Amino acid sequence: MENGGDEEEEDDENIVGPSQESFSLTHNELQADSGASDVGIVESITLKNFMCHSLLGPFKFGSNVNFIIGNNGSGKSAVLTALIVALGGTAQATSRGSSLKGFVKNGECSADVSITLRNKGKDAYKPDVYGTAITIDLRITREGLRTYKLKAKSGQIVSTKKEELQFILDNYNIQVNNPVTILTQEMSKHFLHSKGEGDKYKFFMKATQLEQMKEDFVYIKIAKQGINDKLEQHGECLKELKVKKEEKEDRYRSLASLDDMQTKLEELQKQMAWVLVAEMEKDLLPLREKLQSDQQATKKFDEKVEEWKNKVADAELKFKQIHNQLENITARVQELQPQCAQLKAEASQRNNLLKSAEVTVHRCKTNLRDLETDKVQLSSRIDELKLSISQIKGAESQAREDRIQQLQNEMENLAHQDSTLAQQIGQYQQASQHAKDKLSTLKREHDTLQRSISGNSRNLQTMEASRSNRMRRFGEHMPDLLNSIQEAHRRGQFKERPRGPLGYCISLRDPELALPIEICLKGLLQAFTCDNHEDERVLQGLMANLFRVGQRPSIITSSFLQRIHDTSRRGVNHPDYPSVLQALDIEDPVVANCLIDQKTIESILLIKNRTDARRVMQGGNPPRNCIQAFSADGDQIFTNRSYTAEQTRANYLSGDIEEEIRHMQEELDSQRAQASHSQQQIRRVEEDMKQNDSLLRRTLTEQKNTKERVRKLQMDLTELQNVEEPQSEDLKPLEEELQDIIGKIASKQAECVEARTQAAGLKASYDEAEQAYRKHKEQISAVAEEADVIKEDLSKTDQEVVKCKHHKKHYEEKLKTHLSNIQTLKANLDGREQELRTSVEKAMEISPERLEVGRTAKSTAKSLDSEISRLKFKITTQQDQQGDREEIIRQYQEAVQNYKKMAQQMKGLTNFIRTLNHILNERLKVYNDLKRFLSARCKYYFDTLLAQRGYTGSMTFNHEREALAISVQPGKGDKADLSDMRSLSGGERSFSTVCFVLSLWAITEAPFRCLDEFDVYMDMVNRRISMDMMLKIAASQRYKQFIFLTPQSMSSLPESNLIQILRMKDPDRSSNFSPLGQEEAEQH
C-alpha cells in the first residue's frame, strides 16, 4: 500500500488549509462576537425518571460553548445518553445498555425526556408550523416502547411520528450515531484502547459520512440488480403477448352452430321467467309469516296497555286515599285550633284574675298598714291617759294592762309574720311549678339531643371507615355484602349480577347538587336492583347473613337492559337547568334505567336558587314534562306546593370525605357541649327544686306554729280583757275605738289571708290552664308531624302515578307503532303480491305452461342468467366472426400494438441500465477523490494541532485495506522516532485523540458537538492545551454549539459571554436513589 501513501502525500501539497495562526485566538477574540446559532442547536433538556435520576433539569444551554461539570454519579452522562435516545439513537449507541427499558428508573413505569431545538434562520424547518423552536418529548415505557411528541414553540403537538423527527434531523444535519457529533465516554475509551488500524479507519469513515455514501452505492447496485430482474420478467411477458397475438389469429378458424344455441337460449329464457316467479313466491312466504306473527303479538300489547291502565287506576285511588287522609288530618288540625285558642284565652283570663287577686292582696296590705298606724297612735294616746290614771290605780291593775299590751304587741307581730309567711309560701309554690315546667322542657331537649348525638356518632364512624373504602358510607356491612355477591356470581348463583348500592354506581357532574340529588333519590341510594325474582331471593339470603330485619337495603326487581331508556320524548329539557339524569354520570345502563323507572329522574329539574325554582315551577307555565324541581338547599317544589328540607348536608354523595368528617366532628362536638350544658342546667334546676321544696315545707311548718301561737295569745288576751275594772270615762271611748281598730285589723288580716289564699288558688288554676294549653299545642304539633309523613307518602304516590302513566303511555305508543308496522307490512305484502301477479302474467306470455324447475345449482335465477349471458355472448361472438371481420382485425392490431409497446419498454430499461452504470462509475470516481481529499485535510489539521503542543506525528490512510495508522511523538520530531499511540501515556493518548477529533470537526458539519469526559486521562498541561484548542475552534465556529462533559471544576476558563457552565449537584450517597439534579448555570 505504499503507492496509496504516495498519492496522499501529493494531495497534501495541493490542499490549501488554514495556517497555524488560525488557532492562536486570544481571549479578546473569544469575546469579540456573541452571535448565536440559528438552527439545530440544543436550547434545553429535561429528564424525569431516567436511569437512576428522578428529575434532572431543565438545563438551559448557551448557543456556543457549554460545560456540564460535576462529580461522578451526578448525571452528566445521563444527560448525554438522554440526548442520543431522544434524537432517535438506539440503546446500543449510548454504550449504556442493550435495551431502552433499562433507562427507566427502578420502581417507575416510564421515563420522560424533553429536548428543545432552535428553529430560526433560513434553514429553519417548517417555521410557519413549529415557530422558532421545536420541542421533542420522548416517553420510554417499562416494556421498552418509545413514543414521541413533536411540539411547536406554542406548545401545540404537531406530530407523533418518528418519520417527522427523522426529517427534522436530516434538515439540521444532526447525526446522533456519528462520533463527531456525539462522542461518548465508551466510544472515546474504545478509540483510545483500539489496537487495530481498521477501527480507526471505520471511525474516520463514519465521522465523515463516507461510510453512509458507501452504503448508498451498495443500495444502488442492489436496486440495479432489481431492474435487471424486472427486465427479465418483461422478457417473459413479451413472450406471453406474442402467444396472445397468435391466439387472435386463430379465432378466424373456430365456428359453431348458431341454431342449436338459439333454441337452447329460448328454453333458458322460459325457465328464467318461471324461476323468477318461484323466487318471488318464496320471498313472499316470510312476509306472510311475519304479518301473522305481528297480528298475534298485538294481543300482548293490548294486555300490557290494560295492565298499566289498571296500575294507573290503583295508583290514583291510592293517591286519593292518602290525599283524603291528609285532608282529614288537616281537618283535625283545624278542629283543634279553636280549642287551642279557647285554652289560650282561658289561660289569659285566669292570668288576669290572678293579677286582680294580687292587686287585692296589695290593697289589703295597705289598709292593714294604715290601721296599724291608727292603732299605734290611739294606743299611744290611751297609754298617756292610763299613765295618769295609773297613779290612782293599784299595782295589780297596772300589771294586767301591761300584760294585755304585751299580748297585743305579740299578736300584732305574729300577724305580720303570718302575712310574710303566706306570701313566701305563694312564692315558693310558684317557683316550684316553674322549676317543674323548666325541668320537663330541659329533659325533652336533652333526650332529643342525645338521640341526635347517637345518630351523628354512627354517621361519623361510617364516614371515617369510608376513607379507605367509599363503599362503607352506604353501610358498615356493605363491602362484605358486595364481596358475597361477587362470590355468588362467580359460583353461578345469579343469572345476572345484581347492581348496587345504586348511590355507589353514580357520580355527580356538579358537586354543589349533591344535597338535592340525595334528597330526591332518598332510600334508592342504598337499594339494589335484580334482573329476576330468583336472583332477588338469593340476594335476600345474602343480606340476611349481614343485616338485621328492618335494616336490610331494599331490592328492586326489573329486567336488565343493555341500553339506557330513550327519554327524549318524556324527559324535561331546559336550556338553563339540568335534570337529575343530566346531572349524573352513570356508566351502567341497568342503574340508569332503574333510577328512571323508580324516580323518573329525567323529569325532575335541579335549580340551585330557591327563588328561581319557584318562579320556574309556579309561574304558570312550568317546563314540559317536568313533574317537580329541587333547589340546592334540598327544597322540593311542585307546581302547586313546596316542601322545605330538614336535611342540611349530603351523607352519601358528597365528594370531599375529609371535609364532611370535619363538619360532622364539629357538629358532634357542638352537640356534646350542648348536651353537657343541658345536663348541668338539669342538675341546677333539680337542686333548686329540692331547696325550694325544703324551704316550702319549713315555711308551712312555721306558718302552722305561728297560727297556733296567735290562737293561744288571743285566748289569754280575751281572758284578761274580761276582768272588769272601773275605767275612767275619758278612756272608755278611746278604748272602744281601739277595740274597733283591733277588730278591723283582725278582719282585714283575715281578709288579707283570704285574698292570699284566693291568689294561690288562682295561681294554681292559671298554671293548670297554661299546662293544658301547652299539651294541646303539642298535640297539634304531633298531628302536623303526622301530616308531614303523609305528605311524603302523597309525594311518593304522586310519583308512582306519574310513573304508571308514563309506562301506560309508553306501551300505548308501542302498540300504536306496532299497528302502524302491521299496516306498512300489509301494504308492502299487497304490493309484492301485485308484482307477483304481474310476473306470472309476463311468464304466461313467454311460456303458457308453467315449467317446474328442480332445485339444482343450474336452476337458480343467477345461474340461468349467467348461462343466458354466456350463450348470448357466444352467439354474438360467432355472428361477429362470421359477419364483421373488422373487429377481429382490430383485436389483432391491438395485440400487435401491446407486443410492440412491451418490446419498446424493454429497450428503454436496457438503455437506463447502461446510463446508470456510466453515472455510477462517475460517482464512484468522485467518491474516491472526495475520500482522498478529506483524508488529506484531516492529516493537515492533525499535524497543525499536534504542533501546538510541540508534538509531531503522521496519519497514513490505506483506502484499499481500509486502514488508518496514526503515529505520535512528544517533543521535537528530529530527536526521536515516531511511535504508535499505544506507546504514549494516558494523558498524551487522550490529547492525541482530542487532536484527531478536532481534525474531524474541521472537515465535517453539524449544528452541535458533544464530548463526554474528553480530559479524563490527561494531565494538567495536556488538559489546558486541549481546552485552549477546543475554545479556539469554538471561537472560529461561533455559529456552532459545543457541549463538553467533564468532572473538572473549569475554574481556570477565561471569562466570556460565549461560555456557559452547568454545574450538577453532588449525588446523595446516603440513599438508594439519585437526588434531583438542578441546573446551576454560571456565565463566563
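## Exercise 1: A residue in helix α15

**Task.** Is N593 buried or exposed, and which residues beyond its neighbours within four places in sequence does N593 contact?

**Solution.** Start with accessibility: N593 has a relative accessibility of 5%. The cut-off for buried is under 20% relative accessible area, so N593 counts as buried. Bear in mind as you work that this is a predicted model.

Next, place the residue: N593 is part of helix α15. Finally, look for its partners. With neighbours within four places in sequence set aside, N593 touches L561, R563, I564 and H565.

## Exercise 2: A covered helix

**Task.** How many of the residues of helix α13 (residues 514–521) are buried, and which elements do they pack against?

**Solution.** Go along the helix and list the buried positions: A514, L515, P516, I517, E518, I519, C520 and L521. That is eight of the eight residues, so α13 is largely enclosed by the rest of the structure.

Now look at what surrounds them. The buried residues of α13 pack against β9 (507–508), β12 (584–585), α15 (589–599), β13 and β14. As a last step, check what comes after the helix: K522 follows α13 and has a positive phi, near 50°.

Two of those packing partners deserve a second look. β13 and β14 belong to an open sheet of four strands, ordered β13-β14-β15-β16, with mixed pairing. At its edges are β13 (604–606) and β16 (642–643), each paired on one side only. Between β13 and strand β14 (residues 628–630) there are three bridges in the parallel sense, and L606 has F630 in β14 as its bridge partner.

## Exercise 3: Two helices crossing

**Task.** At roughly what angle do helix α12 (residues 478–490) and helix α14 (residues 533–544) cross, and which residues make the contact?

**Solution.** The two axes come within 10 Å and cross at roughly 140°. Angles over 145 degrees would count as roughly antiparallel, so at this angle α12 is oblique to α14. The crossing of α12 past α14 is right-handed.

For the contact itself, α12 supplies L481, S484, I485 and A488, while α14 supplies L539, L542 and M543. Sorted by class, the contact has six nonpolar residues, one polar residue and no charged residues.

## Exercise 4: A six-stranded sheet and its helices

**Task.** In what order do the six strands of the open antiparallel sheet run, and where does helix α3 lie?

**Solution.** First trace the order: β2-β1-β4-β5-β6-β7, with antiparallel pairing. The edges are β2 (53–60) and β7 (157–159), each pairing on one side only. From one strand to the next, the twist averages 25°.

Then zoom in on one pair. Strand β1 (residues 39–50) and strand β4 (residues 110–119) are antiparallel and share seven bridges; in one part of this pair, K48 has D112 of β4 as its bridge partner.

Now add the helices. Helix α3 (residues 76–86) lies across β1, β2, β4, β5 (133–141) and β6 (146–151), at about 110° to β1. Helix α6 (residues 162–172) also packs on the sheet, where it touches β1, β4, β5, β6 and β7. The direction of α6 makes about 60° with that of β6.

## Exercise 5: A loop arginine

**Task.** Where is R96 placed, and which residues beyond its neighbours within four places in sequence does R96 contact?

**Solution.** R96 sits in the loop between α4 (91–94) and β4. Its relative accessible area is 39%, so R96 is partly exposed. Leaving out neighbours within four places in sequence, R96 contacts M51, S77, T81, A91, F103, Q185 and D1012. For a backbone distance, take A78: its C-alpha atom is 9.1 Å from that of R96, and the two residues are 18 apart along the chain.

## Exercise 6: A strand with two partners

**Task.** Which residues of strand β21 point one way and which the other way, and how many bridges join strand β20 to β21?

**Solution.** Six of the six residues of β21 (residues 1041–1046) are buried. Q1041, I1043 and L1045 point one way, and F1042, F1044 and T1046 the other way. This fits a general pattern: side chains of a regular strand alternate between the two faces of the sheet.

Turn to the pairing. Strand β20 (residues 1008–1012) runs parallel to β21, joined by five bridges, and L1011 has F1044 as its bridge partner in β21. Strand β3 (residues 65–69) also pairs with β21 in the parallel sense, over five bridges, with I68 opposite L1045.

Terms used. Residues numbered from 1 in each chain as written. Predicted model: local features only at pLDDT ≥ 70, side-chain atom pairs only at ≥ 80, totals over all residues. Heavy atoms only, no water. Pairing = 2+ DSSP bridges. Axes fitted to C-alpha atoms, helices over the stretch in contact; angles between N-to-C directions. Contact = heavy atoms within 4.5 Å. Buried < 20%, exposed > 50% of the residue type's maximum accessible area, 1.4 Å probe, protein only. Parallel < 35°, antiparallel > 145°, perpendicular 65-115°, else oblique. Left-handed = near helix turned anticlockwise from the far one by under 90°. Nonpolar A, V, L, I, M, F, W, Y, C, P; charged D, E, K, R; others polar.
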